[in-house]
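Q: Before going through this model, I would like to see each descriptive term set against its cut-off. Could we take the terms one at a time?

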Amino acid sequence: MTKINSQSVIDFHRRLGSTPSGDSTTFCVWAPHASQVTIDIVGGPTGVRMRRRESGYHDAEVAGVVAGARYFYRVDGGDRRPDPASRFQPEGVHGPSEVIDSEYRWTDQNWKGVRRDDLVIYEAHTGAFTEGGTFQSAIDRLPELVDLGVTAIEWMPVAASAGRWNWGYDGVNFFAPTEAYGTPDDFRRFVDAAHGAGLAVLLDVVYNHVGPEGNYLNEFAPYFSKRHHTVWGEAPNFDDPEFGDEVRRYFIANSIYWLDEFHLDGLRVDAIHCMMDDREPHVVSEMARAVGQWSQATGRPALLIAESNVYDPDMLVEQSDGGLGFDAMWCDDFLHSTFSVLRPEEQLTNREYRPQSDLAQTLQFGYVYEGTMRDQPERRTLDKRVETHGMVYSIQNHDFIGNHPLGERLHRLTSHDAHRAAVALMTLSPAIPMFFMGEEFACEAPFCFFVDFGDDHLRQAVVEGRRREYPQHDWDAGVLPTDEAAFTRAKIGRREDGHTETLNWYKQVIRLRRQFRDSGLLVDDCLEVDVDQERQCFVLRYRNAAQILTVAVRLCSGAIDNAIAFDVDGDVIANSKGGDFGGTLAPNQAVVVLKTLAAGGIADDA
């Protein structure tokens, strides 16, 4: 048998866990300190001894075990534990692992993916996206997303975590889709159906920590660092001089696994700045290189999106030029600076955002805060615009809503007018727009943080941790994250029951974005930004030889109620308040104006 740790990084996921073939299954697990690892087949043979390799991996081929069989491992005679590379946990994170046949009859052979510059992302939580809360029921909503005009759905993490519901950031079985959402083949069916509908599928993955319940990894191997810690849990042991290589290999194999076996179009790497690693190259760089190698070998492009929260000057730079080689990164400065204008008295992040300056700086130059994988974020004063095509902007996301004690959405914290004006400013910027499920129809359902841990101490720790992490809020009026209602109330419901005017506006601005991206006008190089801070008027003006596109948006707090004169030069092609434009911008109104130029860039007034 090939030595496991010499296996090509892009194929390594195929050797981990259990692999059925014919009438037998091969098992493989890393347990470098163990003298003996045994397999217990549920309803079958127990105490099946695995061969220990010099590499610290243990393997065995067991006849008569086929797909569907369930099993545990025992390390040196210890308690029964699920497989660290389990493909499915049908009875939850404490139960047995299931042998899964990864072969699937895909119908997406003609799918070419979505280019980075064509991304319009729709972030969703599998359990709350539909009443059924499954991959299968999510297929029924795909026509809505196509009708809306988005090009990609981004699932919040689906790796198995403890309990009946969870946001997903407490995953402990990294290779196993959460059983509440369906089987691995159900997930494949969803991806296949999405591709058939013309939609890319991205997955949020968490490699900075492991959930606190059902985490048995350390019983197998030194997966966790003694030097690094996170506020959410143990930090992976990426830079250990003896074991760091195999820890890296495990997590990188997981990233390739999701892309390879589920035909995903990309990964959004959670809190990438919290992936602690003092080695060179950083594990994030190695992961990007491996994904690139896999893409080249398979001919299937895969996008990597970093949740860096702030601008990282290294993130989107090619590795050949000394960067990390990602395709895009979250830049929350747009979200929080917009909110600071609309609600100057309230902050939903621990970074300070200034209503008098930060939105203007983000629009003009791209960002406010800058940080890297090694350096903490710092506020920057800028005088040169960065390219924003690879930045992901939003006006709300799961964190923004869930970090509010009542899980309130933007339109409830401000107004429908403010909501529509803000989404126009975002969608018609050069950055990648991302919407959170339900915002397109002004969903009334709150999206509070929710977990379903079985351990009472963990449940209480979650409650106390939310209060400690965001002390600026009054948490007494909200539902506890451990209450069932926190999850059941988060389901977004039918869009037919939502706000029709908002839905139509979303469709319109997404359609305009696509139109002017396709024409080459809506790009950084064509953009000029004008800001009238006193009147809180923000103007994006795109100009090329053929057209001038003006996006004028007023964003105001509730205390401002005066309209201002705004002269348009061209035809008003969109108005967030509907009807004819009367020459004045009301608070929280957006208008889009198009002027066609004659040859040579001269205005055509005919």
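A: Let us begin with accessibility: buried means under 20% relative accessible area, exposed means over 50%, and partly exposed lies in between, with a 1.4 Å probe and protein chains only. This is a predicted model, in which local features need pLDDT of at least 70 and side-chain atom pairs count only at pLDDT 80 or more, while totals for chains, interfaces and linings use all residues. Residues are numbered from 1 along each chain as its sequence is written, and side-chain values use heavy atoms, with hydrogens and water left out.

Q: Why is Arg164 called exposed?
A: Arg164 has a relative accessible area of 54%, and the cut-off for exposed is over 50%, so Arg164 counts as exposed.

Q: What makes the pairing of Arg164 and Asp452 a salt bridge?
A: A salt bridge is a side-chain nitrogen of Lys or Arg within 4 Å of a carboxyl oxygen of Asp or Glu. The side chains of Arg164 and Asp452 meet at 2.9 Å, N to O, so the pair satisfies that definition. The two partners come from distant parts of the chain, 288 residues apart, with Arg164 in the loop between strand 11 (159-161) and strand 12 (171-177) and Asp452 in the loop between strand 22 and helix 12 (456-469). Unlike the exposed Arg164, Asp452 has 10% relative accessibility and therefore counts as buried. A search of the whole structure finds 46 salt bridges.

Q: How do you know that Glu501 and Arg420 link distant parts of the chain?
A: Glu501 belongs to helix 14 and Arg420 to helix 11, and 81 residues separate them; helices (H or I, at least four residues) and strands (E, at least two) are DSSP runs, numbered from the N terminus. Their side chains meet in a salt bridge at 3.4 Å, N to O. Glu501, with a relative accessible area of 40%, is partly exposed, whereas Arg420, at 3%, is buried.

Q: What joins Asp204, Arg268, Asp270 and Glu307 into one network?
A: These residues are joined by salt bridges that share partners. One of the contributing pairs is Asp270 with Arg268, whose closest N and O atoms are 3.0 Å apart. Asp270, at 7% relative accessibility, counts as buried, and Arg268 is buried with a relative accessible area of 0%.

Q: How do you know that the span of helix 14 agrees with expectation?
A: The expected span of a helix is 1.5 Å times one less than its number of residues. For the 19 residues of helix 14 (residues 500-518) this gives 27 Å, and because the end C-alpha atoms are 27 Å apart, the two values agree. The buried residues of helix 14 include Trp505, Tyr506 and Phe516, and what covers the buried residues includes helix 3 (142-148), helix 11 (416-427) and strand 25 (547-554). Gly520, which has a positive phi near 85 degrees, follows helix 14.

Q: Why is helix 11 described as largely enclosed?
A: Of the 12 residues of helix 11, 10 are buried, so the rest of the structure largely encloses this helix. Among them are His419, Arg420 and Met426. Helix 11 reaches 16 Å from its first C-alpha to its last, close to the 16 Å expected.

Q: What makes the approach of Tyr353 to Asp333 a polar contact?
A: A polar contact is a pair of N or O atoms within 3.5 Å; within protein, one must be able to donate a hydrogen and the other to accept it, and residues adjacent in sequence count only if both atoms are side-chain atoms. The side chains of Tyr353 and Asp333 make such a contact at 2.4 Å. Tyr353 lies in the loop between helix 7 (333-342) and helix 8 (358-365), and at 2% relative accessibility Tyr353 counts as buried. With contact meaning heavy atoms within 4.5 Å, and neighbours within four places in sequence left aside, the partners of Tyr353 include His336, Tyr369 and Arg379.

Q: Why is the protein called as compact as a globular protein of its length?
A: The protein contains 14 helices and 30 strands. Its radius of gyration is 25 Å, close to the 25 Å that the globule rule gives for 606 residues, so the protein is as compact as a globular protein of that length. That radius is taken over C-alpha atoms, and the rule is 2.2 Å times the number of residues to the power 0.38.
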